[in-house]
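Here is a short report on a sheet and its strand pairing. Start from the fold as displayed below.

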Amino acid sequence: MTDQQRTYPDGVPSWVDLNTPDPGDSQAFYRGLFGWDFETATPPGVPPYEIATLGGLDVGGLAPTSDASVADAGPAFWATYVSVDDADATVERAVAAGGKVVSYPQGGGDGGRSAVLSDPAGAEIRLWEPKQRLGAQKVNEPGSWVFNHLRSPGPDALDFYRAVWGWEDIDMSGTTMIRRLGYGAHLAATVSPQIMEMIASVGAPAEFADVVAAWSPEVAAGDPYWHVSFSVADRDVAAARAVELGASVEDTAETEWSRDATIVDPQGARLTLSQFVPPT
């Protein structure tokens, strides 16, 4: 890892935030679960947008909302943002590909510009055109964001994303992973010069360097949405702590690479706690 800031090429998920009707309660929950601190990024007089930090590095955001609901994600929900070079041009491509505009690009001060889209199946995906805030600066470590799954049952669920960002899907041990070609090379040239060696050391295929998300049709019991996972050191310990803080455990699972617990936080947001366990 180098000291430079983490950047995200066009078409790579770069940020997550929690939209919640009770920001104070949500801050207390995630402070207790992950050890996050919060700092207000918005000026006085507007609804406060909080930046969650861990060890002084940005890990996500928290926004107040009175009517939050993204399908099966819950009454409160975690939203996924994809980094874009040009939000206006991306919106045009998205509409041409069958998507709908929920919120047109708007300024986020010196931080950047955002927009909200709905894919043809109804899953909400957000755009982030960065200025000073480049995206999450601590990822893939306990207490930070680690992955995103598109939970959408339709056989054509990825067509929209292929058209907008050129995403490619690849089967890895029975899981449909989504790749943005060139992302691994970007990481190697910036914050992770040893990424290929790290991937090889845990027995993952070289193609994993370009993986930016996954598609999970088999767990899309409700309406389509983007599901967010966070890294934890120990799934069972983290899940028990979440319950102590008022969450409920929806299910647990073991995969080839992880031990997971899907929880519902006290405000109704669904997320997964994921412990990385590489094959031995």
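Two strands pair if DSSP finds at least two bridges between them. Helices (H or I, at least four residues) and strands (E, at least two) are DSSP runs, numbered from the N terminus. This is a predicted model: local features need pLDDT of at least 70, side-chain atom pairs count only at pLDDT 80 or more, and totals for chains, interfaces and linings use all residues. Residues are numbered from 1 along each chain as its sequence is written, and side-chain values use heavy atoms, leaving out hydrogens and water.

**Strand E1**

E1 spans residues 13-20 and is mostly covered. Eight of its eight residues are buried, meaning under 20% relative accessible area with a 1.4 Å probe, protein chains only. E1 pairs with E5 (residues 77-83) in the antiparallel sense, over six bridges. With E4 (residues 57-64), E1 runs parallel, joined by four bridges. Residue partners include these:

| E1 residue | Partner | Partner strand |
|---|---|---|
| Pro13 | Val82 | E5 |
| Val16 | Thr80 | E5 |
| Asn19 | Ala63 | E4 |

**The sheet**

Eight strands form an open sheet with mixed pairing, in the order E2-E3-E4-E1-E5-E8-E7-E6. E2 (37-40) and E6 (100-107) stand at the edges; each has a single partner strand, so one side of each lacks a neighbour in the sheet. On average, neighbouring strands are turned by 30 degrees against each other, direction ignored.

Helix H2 (residues 87-96) packs on this sheet. H2 touches E6, E7 (112-118) and E8 (124-130), where contact means heavy atoms within 4.5 Å. The direction of H2 makes about 175 degrees with that of E6. Axes are lines fitted to C-alpha atoms, for helices over the stretch in contact, and angles run from 0 to 180 degrees between N-to-C directions.

How values were computed
Buried means under 20% relative accessible area, exposed over 50%, partly exposed in between (1.4 Å probe, protein chains only).
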